[in-house]
Amino acid sequence: MKIARHSKIIELIHRYDIETQEELAEKLNEEGFEVTQATVSRDIRELKLTKLALDNGKQKYIILQNQDVQMNDKYLRVLKEGYLSVDRAENILVVKTVSGMAMAVAAALDAMNWSEIVGCIAGDDTIMAAIRTKEDALIVMDKIRKIVISR
């Protein structure tokens with residue numbers, strides 16, 4: 001649950017200008033994560049989030065770019081823990097995940113910034129990933145399998 005929550009936090013701070021822990025807790029609760037301000041505070045520390053001053057005088061949470069290696073490790077862990085299987089239909093990959101983990105795994109796939117992946121759509125336990133070409137779909141399947149085999 002913690003990994004899924006961390007993935008959701010990353011998604012939320014990219015989508016919204018979140019200024020306070022209370023705002024972040026509210027967004028997480030709206031997304032189905034029952035959290036307290038203390039939990040959010042711990043998550044912010046663990047994710048090493050910082051605040052960036054905006055032009056309008058407000059601030060927002062961001063992930064520092066030098067945290068890429070650590071974040072990649074988190075995304076790899078999410079992918080490994082949530083993944084069940086992958087299948088291909090032409091240039092579309094269908095990734096099956098543990099129930100409730102599809103959004104986190106999709107966020108992890110998107111965060112990998114693989115040039116072959118155009119984007120992902122996630123449900124509860126299934127992801128549809130649009131891949132540029134049929135050949136690229138095979139490449140992405142191979143990349144995913146290499147990651148999850150190293151569990």
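What follows is an informal chat between a student and a tutor about this predicted model.

Student: Let's start with helix 5. How many of the ten residues of helix 5 are buried?
Tutor: Helix 5 runs over residues 102–111. Its buried members include Ala102, Ala104 and Val105, and also Leu109. The helix is largely enclosed by the rest of the structure, because the number of buried residues among its ten is seven.

Student: What residue with a positive phi follows helix 5?
Tutor: Look in the loop between helix 5 and strand 5. The residue there has a phi near 55 degrees, a positive value in a residue other than glycine. At 65% relative accessibility it counts as exposed, and it is Asn113.

Student: Is Glu116 buried or exposed?
Tutor: Glu116 sits in the loop between helix 5 and strand 5. Its relative accessible area is 10%, and the cut-off for buried is under 20%. So Glu116 is buried.

Student: Which side chain does the side chain of Glu116 make a polar contact with?
Tutor: Glu116 is in the loop that leads from helix 5 to strand 5 (117–122). The polar contact is between two side chains, at 3.1 Å. The partner of Glu116 is Lys143.

Student: Moving on to helix 6, what is the relative accessible area of Val140?
Tutor: Val140 belongs to helix 6, which covers residues 134–149. Val140 counts as buried, and buried means under 20%. The value for Val140 is 1%.

Student: What separates the C-alpha atoms of Val140 and Ala111?
Tutor: Val140 is in helix 6. Along the chain, Val140 and Ala111 are 29 residues apart. In space, their C-alpha atoms are separated by 14 Å.

Student: Which residue with a positive phi follows helix 3?
Tutor: Helix 3 spans residues 37–47, and its buried residues include Thr39, Val40 and Leu47. The residue you want is in the loop between helix 3 and strand 1 (49–53), and it is partly exposed, with a relative accessible area of 41%. Its phi is near 55 degrees, positive although the residue is not glycine, and its name is Lys48.

Student: Now for charges. How many salt bridges does the structure hold?
Tutor: One of them joins Lys8 and Glu11. Another brings together the side chains of Glu31 and Arg15, and Lys60 pairs with Asp17 as well. The total for the structure is ten.

Student: Why are Lys8 and Glu11 separated by about one helical turn?
Tutor: An α-helix has 3.6 residues a turn, so residues three or four places apart point the same way. Lys8 and Glu11 both belong to helix 1 (residues 2–15). They are about one helical turn apart because their spacing along that helix is three residues.

Student: Which of Lys8 and Glu11 counts as buried?
Tutor: The cut-off for buried is under 20% relative accessible area. Glu11 has 23% relative accessibility, so it counts as partly exposed. At 5%, the buried one is Lys8.

Student: How many residues apart in sequence are the parts that Glu31 and Arg15 tie together?
Tutor: The side chains of Glu31 and Arg15 meet in a salt bridge at 4.0 Å, N to O. Glu31 lies in the loop between helix 2 and helix 3, while Arg15 is in helix 1, so the pair ties together parts whose separation in sequence is 16 residues.

Student: And which loop holds Asp17, the partner of Lys60?
Tutor: The side chains of Lys60 and Asp17 form a salt bridge at 3.4 Å, N to O. Lys60 is in strand 2 (residues 59–63), so the pair ties together parts 43 residues apart in sequence, with Asp17 in the loop between helix 1 and helix 2.

Student: Which residues do salt bridges with shared partners join into one network?
Tutor: Lys8 bridges to Glu11, and Glu31 bridges to Arg15. Salt bridges that share partners link these residues into one network, made of Lys8, Glu11, Arg15 and Glu31.

Student: Last one: which residues gather in a patch of negative charge on the surface?
Tutor: One member, Glu23, lies in helix 2 (residues 21–30). Glu23 is partly exposed, with a relative accessible area of 31%. The patch consists of Glu22, Glu23, Glu26 and Glu30.

Note on methods: Residues are numbered from 1 along each chain as its sequence is written. This is a predicted model: local features need pLDDT of at least 70, side-chain atom pairs count only at pLDDT 80 or more; totals for chains, interfaces and linings use all residues. Side-chain values use heavy atoms; hydrogens and water are left out. Buried means under 20% relative accessible area, exposed over 50%, partly exposed in between (1.4 Å probe, protein chains only). Helices (H or I, at least four residues) and strands (E, at least two) are DSSP runs, numbered from the N terminus. Patches are made of residues with over 30% relative accessible area and no salt bridge: like charges are joined within 9 Å, nonpolar side chains (Val, Leu, Ile, Met, Phe, Trp, Tyr) within 5 Å. Accessible areas come from the Shrake-Rupley method with a 1.4 Å probe; for residues, only the protein chains shown count as cover. Lys and Arg count as positive and Asp and Glu as negative; His and the chain ends are not counted. The place of a charge is taken as NZ of Lys, CZ of Arg, CG of Asp or CD of Glu. A polar contact is a pair of N or O atoms within 3.5 Å; within protein, one must be able to donate a hydrogen and the other to accept it, and residues adjacent in sequence count only if both atoms are side-chain atoms.
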